[in-house]
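Biologist: I am new to reading protein models, and I would love some help. Shall we look at this one together?

Modeller: Gladly, let us bring it up and go through it step by step.

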Amino acid sequence: MTEFAQLSLHVPEPAVRPGGQPDFSNVTIAKAGAVARPDVDAAPEDIRDLAYSIIRILNREGEAVGPWAGLLSDEALLTGLRNMMKLRAFDARMLMAQRQGKTSFYMQHLGEEAVSCAFRKALRQGDMNFPTYRQAGLLIADGYPMEEMMNQIFSNESDPLRGRQLPVMYSSKEHGFFTISGNLSTQYVQAVGWAMASAIKNDTKIAAAWIGDGSTAESDFHSALVFASTYKAPVILNIVNNQWAISTFQGIARGGSGTFAARGLGFGIPALRVDGNDYLAVHAVSLWAAERARRNLGPTLIEYVTYRVGAHSTSDDPSAYRPKTESEAWPLGDPVLRLKKHLILKGAWSESRHVQAEAEILDEVIDAQKRAEAHGTLHAGGKPSVRDIFDGVYADMPPHIRRQRQKAGY
Ligand SMILES: Cc1ncc(C[n+]2csc(CCOP(=O)(O)OP(=O)(O)O)c2C)c(N)n1
Ligand SMILES: [Mg+2]
């Protein structure tokens, strides 16, 4: 006999499953313009509330309001809109290419375009991102050629990575895009290490780490926060909370407590939560964090609150685990439509110009695809040489690898 009832384990469950009515009433959303903008040298303990609210600039009417607004010219906003539209069109074409068997795999960004496109504009040449597969907007917004991305996706003879990476795992040193690792959360320890090295060398470059909501459950995330906070590394620690980790809802990694941003508070790291579907807010908050890093004030943690509208990847079917209409109920709207509305309200854009831009962008993507396909696709045309698998690992090739290469006839 015991005076206590039997123990049982708590396993968090999403509120709604397929067939149910989507419900985001638990997502508390601050009014646009309501959250204060502290100075970048504010003491972390004085701005703890920023980890629990949501910084927003664009309101329902499409106006830009509050203390975080006013940083971007109309021209910069139009570029931002174009970049997001380009990423969306690129995704749609590559999804189709995967269905046509031209690549084995693809991962899209639908609904999350603002995060990577706006963030890129807060960084400078020489800074380094450590991205996951969900930040191709960093490349698009920095002018990396779409044809090169497609060559990688098709693993063709012009693939800059010579067929050695999973499709979408790009790499570009010139564009501050560290080679993507499929092993999630390694991005965090690597970015913090890179930032520490930059400081040790008395350089001026900063780093950005990227992680999804689900991957914050990995121990690398926590180790990275220890090093970043102890040594005040010049790094921006980004968490993209798109509500899902494949079929696992965000409540599993959150431990039922606070917010993902609040994870930073225990380490004394300033932590901000931002509307990830608001291009202006993402840019303003990233710039705030970048300035802190550049002024040697240390790391900043940012949680982007967004929603993964599409499937996790081409190998996933979300209708098995969430209501089909869930994305329509998502309260922060669509990043492209919100920026479009803002620009139309300002008189800098119009419905007809938008339609025209969509057509131009589609042409641009199709042109890039034609050029890439001329170099081959998964099952047709040119391929990297088998010889390539032996290169790029050792500065001096060990004898046993050399023998293998000779055996293979290369
Ligand atoms: C260390 C590690 N564990 C597991 C996986 C398998 N995996 C690939 S994507 C994914 C979900 C990640 O979800 P999240 O971090 O929320 O990022 P999102 O896909 O939503 O952008 C998992 C578990 C992996 N790639 N790496
Ligand atoms: Mg996620």
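Biologist: Which residue has a side-chain N or O atom 2.6 Å from an oxygen atom of ligand 1?

Modeller: A word on the basics: this is a predicted model, where local features need pLDDT of at least 70, side-chain atom pairs count only at pLDDT 80 or more, and totals for chains, interfaces and linings use all residues. Residues are numbered from 1 along each chain as its sequence is written, chains are lettered from A and ligands numbered from 1 in the order in which they are written, and side-chain values use heavy atoms, with hydrogens and water left out. A polar contact is a pair of N or O atoms within 3.5 Å; within protein, one must be able to donate a hydrogen and the other to accept it, and residues adjacent in sequence count only if both atoms are side-chain atoms. The 2.6 Å pair with an oxygen atom of ligand 1 belongs to S215.

Biologist: How much of ligand 1 does the protein bury?

Modeller: H312 places a polar side-chain atom 3.3 Å from an oxygen atom of ligand 1. Accessible areas come from the Shrake-Rupley method with a 1.4 Å probe, and for residues only the protein chains shown count as cover. Taken alone, ligand 1 exposes 580 Å², and the share buried by the protein is 71%.

Biologist: Which protein residues are donors of the magnesium ion (ligand 2)?

Modeller: Donors are N, O and S atoms within 2.8 Å of the metal (3.2 Å for Na, K and Ca); water is not among the atoms, so sites may look incomplete. Along the chain, the donors of the magnesium ion follow the spacing D-x28-N-x1-W. At 2.1 to 2.3 Å from the ion, they are D213 (OD), N242 (OD1) and W244 (O).

Biologist: How many residues apart in sequence are the parts that D213 and N242 tie together?

Modeller: Helices (H or I, at least four residues) and strands (E, at least two) are DSSP runs, numbered from the N terminus. D213 sits in the loop between strand 2 (207-212) and helix 6 (219-230), while N242 sits in the loop between strand 3 (235-241) and strand 4 (244-245), so the parts they tie together are 29 residues apart in sequence.

Biologist: Which residue forms a salt bridge with R162?

Modeller: Side chains of opposite charge can pair when their charged atoms come close. A salt bridge is a side-chain nitrogen of Lys or Arg within 4 Å of a carboxyl oxygen of Asp or Glu, and the structure holds 19 of them. With the closest N and O atoms 3.1 Å apart, the partner of R162 is D388.

Biologist: Is D388 buried or exposed?

Modeller: Buried means under 20% relative accessible area, exposed over 50%, and partly exposed in between (1.4 Å probe, protein chains only). R162, at 27%, is partly exposed. D388 has a relative accessibility of 12%, so D388 counts as buried.

Biologist: In which helix does K340 lie?

Modeller: K340 and E351 form a salt bridge, with their closest N and O atoms 2.9 Å apart. E351 lies in helix 11, 11 residues further along in sequence, and K340 in helix 10 (residues 335-345).

Biologist: Where is N202, and is N202 buried or exposed?

Modeller: N202 has a positive phi of about 55 degrees although N202 is not a glycine. The residue is in the loop between helix 5 and strand 2. At 68% relative accessibility, N202 counts as exposed.
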